[in-house]
Amino acid sequence: DRATLERTAGSTLADVIGAIPSVVITDEGAGSARRVSIRGSSAGQVLVLLDGVPLNDPITGSGDLSTIRKELIESIAVLPGSQSARWGARALGGVILITSRRTGAETDLTLGVGQLGTRTAAFNLGRTMRSARISIGAAARGADNSFEFTLPPAAGSRNGVRENADAHSVDAFMAGAHPLLGGELQVRSAIQREERG
């Protein structure tokens with residue numbers, strides 16, 4: 001739930017669920033896409049749903065969890081084991097259900113720095129006007145991921161700097177909710193720009 005998310009270190013969905021037993025997060029190095037495996041499944045066998053919409057890549061079948069900010073999540077449910085009967089063939093290893101943060105939620109600002117030149121900044125602004133709720137937000141993340149290294153004698157004994165592993169992203173969203181015909185009409189729009197290496 002939201003209270004647990006706020007107590008959890010990290011800035012993305014991958015950082016949060018990596019601590020759950022039977023869940024393994026894999027990547028190909030700093031700044032790369034982060035995939036999920038549940039109980040030894042492949043990443044393509046785990047269905048990732050954000051408000052009911054699949055985030056799995058249509059070609060590889062896996063979902064990239066590094067693109068979902070923790071600040072935008074209200075709750076997460078991890079359903080391990082085969083869930084194909086209910087969720088279809090992509091759910092052989094399990095399902096991750098992500099619910100977006102409630103529209104009109106409180107305002108917050110998050111700033112952070114980390115190793116390898118990582119910087120993050122995000123804000124969310126929520127307001128309730130009469131019966132309507134609106135939210136807007138934006139975030140920027142960057143990581144240089146460059147570092148010095150020394151090769152052992154067997155590999156040439158030279159010093160160098162790892163480069164071309166940087167990762168930068170900017171995203172923004174706008175959401176609204178309004179009572180309608182005994183229910184609630186919810187509209188959400190988001191855009192993201194990402195650059196790696």
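This passage walks through the main nonpolar core, a buried aspartate and a set of paired strands in a predicted model. Local features are taken at pLDDT of at least 70 and side-chain atom pairs at pLDDT 80 or more, while totals for chains, interfaces and linings use all residues. Residues are numbered from 1 along each chain as its sequence is written, and side-chain values use heavy atoms, with hydrogens and water left out.

The largest nonpolar core (buried Ala, Val, Leu, Ile, Met, Phe, Trp, Tyr and Cys joined through side-chain atoms within 4.5 Å) has 16 residues, and Leu13, Ile17, Ile25, Val36, Leu65, Ile96 and Ile98 touch the most other members. Two or more residues come from each of α2 (13–17), β1 (23–27), β2 (34–38), β3 (46–50) and β6 (94–100); helices here are DSSP runs of H or I with at least four residues, strands runs of E with at least two, numbered from the N terminus. The largest share, four residues, belongs to α2. Leaving out residues up to four places away in sequence, Leu13 has contacts (heavy atoms within 4.5 Å) with Leu65, Ile68, Ile73, Ile76 and Ile98.

Turning to the strands, β8 (residues 118–129) and β9 (residues 132–143) run antiparallel, joined by 11 bridges; pairing takes at least two DSSP bridges. Gly126 sits opposite Ser135 of β9. Two residues lie between the strands of this hairpin, where Arg130 takes a positive phi near 60°. β9 also pairs antiparallel with β12, again over 11 bridges, and Ile134 has Gly176 of β12 as its bridge partner.

Asp171 lies in β12 (residues 167–180). Asp171 is buried at 9% relative accessible area, the cut-offs being under 20% for buried and over 50% for exposed, with partly exposed in between (1.4 Å probe, protein chains only). Beyond neighbours within four places in sequence, Asp171 touches Arg69, Gly137, Ala138, Ala139, Arg141, Ile191 and Gln192.
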